[in-house]
Amino acid sequence: MKERRWFRLLWFLPLLLIVILTNYFVDPAGIYKSDSQFMAASLLEGNNVYFHAGNGDERGIKRYLISEMPDYVDCVTVGPSLVFGVRTDAVQEDSFYNLAVSGADFYDILAQFGLMELYGKHCGRVVFCVDSYFFDETLYSTFTRNETLKPYAEYMIGILNDEQCRAPEDSAFARFKAKVSQLFSISYFQSAVNWVSSSGVKEVLETILSDENWGVVGEGYEGGYYMTDGSLVYPKEVQNNSAEYVEEDARNYDIETQFSKNCHISSYSQETFEKLIRYLTQRDVEVDLYLFPLAPSLWNRIDNDEYFILSELEAYAYDVAQRYDLKIEGSYNPYNLHMTDADFYDSRHMRHELLATYYDFSGK
């Protein structure tokens, strides 16, 4: 019997070691190879900054940006990468921070409000990108990119529910414990494997072996970078994508994963979203809702009876805006906005230079 247990242990330990080493070195969300605190500080000093590696810790940058930004700002943007291009000049406010992160979901956005509560930060207006990541529970229940931030989301949910909730410990030791727990995470391991599969071994190895994690943007830089307000400028090669590229990207887009076939928006998400709106508006925070379209080639693939979640979400968003007297603009259907594939970088992201053509971010 003892020999059998030892035999099982000998099988288990190498597998565990593979998970730990993969999670640490591949590090798909930039948890272990991150200078996000220094990058955020550089942004606040007035520098444009860039990630050298392809797996930089976006969420860490915005977390530290929240902790160090002024106690009161006129406006913030929350949401996924669809709103990376919303900048200070578009919102027409004196102080503005773009808090968007790639794939921002239910927990990401609530964590950011939780961090603002924890650090005593207030804003006059919120530009809120209404996206399925917040309302599709099958998506946000499986994401792993925001594991270290979930305590702040749960803290905010407690506040919204009028519960006596204890603020999460926000110390170096608490962050260390969160990082250690992710070393053993099977879901983080799966994310690492997925990143290697999609990016290729060569790119991942270059990222792992790189000594330069970030830098200040200099003249002639053509890569992607953060502007001082937290908004993102895409690399020149992305900006040069053609309509043909967008059409090809739409053909290969994983619609079944991203739009949850035959699924409705979560009632829990709706309930929490409306609690958040009431919480903000009762504190004289103006909330503006924005819906961003898919490229026509991608919309054509999901414009059927199986993928109704976006149409359902759009109807819900407009209903909420009417009930709470909120400004709302946009549509998921690009044909409602008379758009073509040429208006996009890829099948999901509108060209930043065209945002002001289709949207007014200046408030009510």
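This section describes helix H17, the nonpolar core, the salt bridges and one buried glycine in a predicted model.

Helix H17 comprises 16 residues (309–324), and the distance between its end C-alpha atoms, 22 Å, agrees with the 22 Å expected at 1.5 Å a residue. Its buried residues are Ile309, Leu310, Leu313, Glu314, Tyr316, Ala317, Val320 and Ala321. Viewed down the helix axis, these buried residues fall within an arc of 165°, so they line one face of H17. An α-helix has 3.6 residues a turn, so residues three or four places apart point the same way. The face turned away from the buried side of H17 carries the exposed residues Ala315 and Gln322. Against the buried residues of H17 pack helices H6 (132–135), H15 (267–281) and H16 (296–302), together with strands S8 (286–291) and S9 (327–330). Asp325, which follows H17, has a positive phi near 55°.

The largest nonpolar core contains 92 residues, and those with the most contacts inside it are Phe113, Phe128, Val130, Phe259, Phe273 and Phe292. Helix H5 (residues 106–119) supplies the largest share of this core, eight residues. Beyond its neighbours within four places in sequence, Phe273 is in contact with Phe128, Val130, Phe134, Phe135, Leu289, Tyr316 and Val320. Two of these partners, Tyr316 and Val320, are also listed among the buried residues of H17.

The model contains 14 salt bridges. In one of them, the side chains of Asp288 and Arg125 meet at 2.9 Å, N to O. Asp288 lies in strand S8 and Arg125 in strand S4 (residues 122–129), so this pair ties together parts that are 163 residues apart in sequence. Both Asp288 and Arg125 are buried, and a network of salt bridges links them with Glu93. Another salt bridge joins Asp360 to Lys327, with the closest N and O atoms 3.8 Å apart. Because Asp360 lies in the segment after helix H18 (355–358) and Lys327 in strand S9, the pair ties together parts that are 33 residues apart in sequence. Asp360 is partly exposed, with a relative accessible area of 35%, whereas Lys327 is buried at 13%. The side chains of Lys261 and Glu256 also meet in a salt bridge, at 3.9 Å, N to O; Lys261 is partly exposed, with a relative accessible area of 30%.

Gly215 is placed in strand S5 (residues 214–216) and is buried, with a relative accessible area of 9%. Apart from neighbours within four places in sequence, Gly215 is in contact with Asn48, Val49 and Tyr50. Gly215 and His52 are separated by 163 residues in sequence, yet their C-alpha atoms are 7.1 Å apart in space.

How values were computed: Residues are numbered from 1 along each chain as its sequence is written. This is a predicted model: local features need pLDDT of at least 70, side-chain atom pairs count only at pLDDT 80 or more; totals for chains, interfaces and linings use all residues. Side-chain values use heavy atoms; hydrogens and water are left out. Helices (H or I, at least four residues) and strands (E, at least two) are DSSP runs, numbered from the N terminus. Buried means under 20% relative accessible area, exposed over 50%, partly exposed in between (1.4 Å probe, protein chains only). Contact means heavy atoms within 4.5 Å. The expected span of a helix is 1.5 Å times one less than its number of residues. The arc is that of the directions from the helix axis to the C-beta atoms. A nonpolar core is a set of buried Ala, Val, Leu, Ile, Met, Phe, Trp, Tyr and Cys residues joined through side-chain atoms within 4.5 Å. A salt bridge is a side-chain nitrogen of Lys or Arg within 4 Å of a carboxyl oxygen of Asp or Glu.
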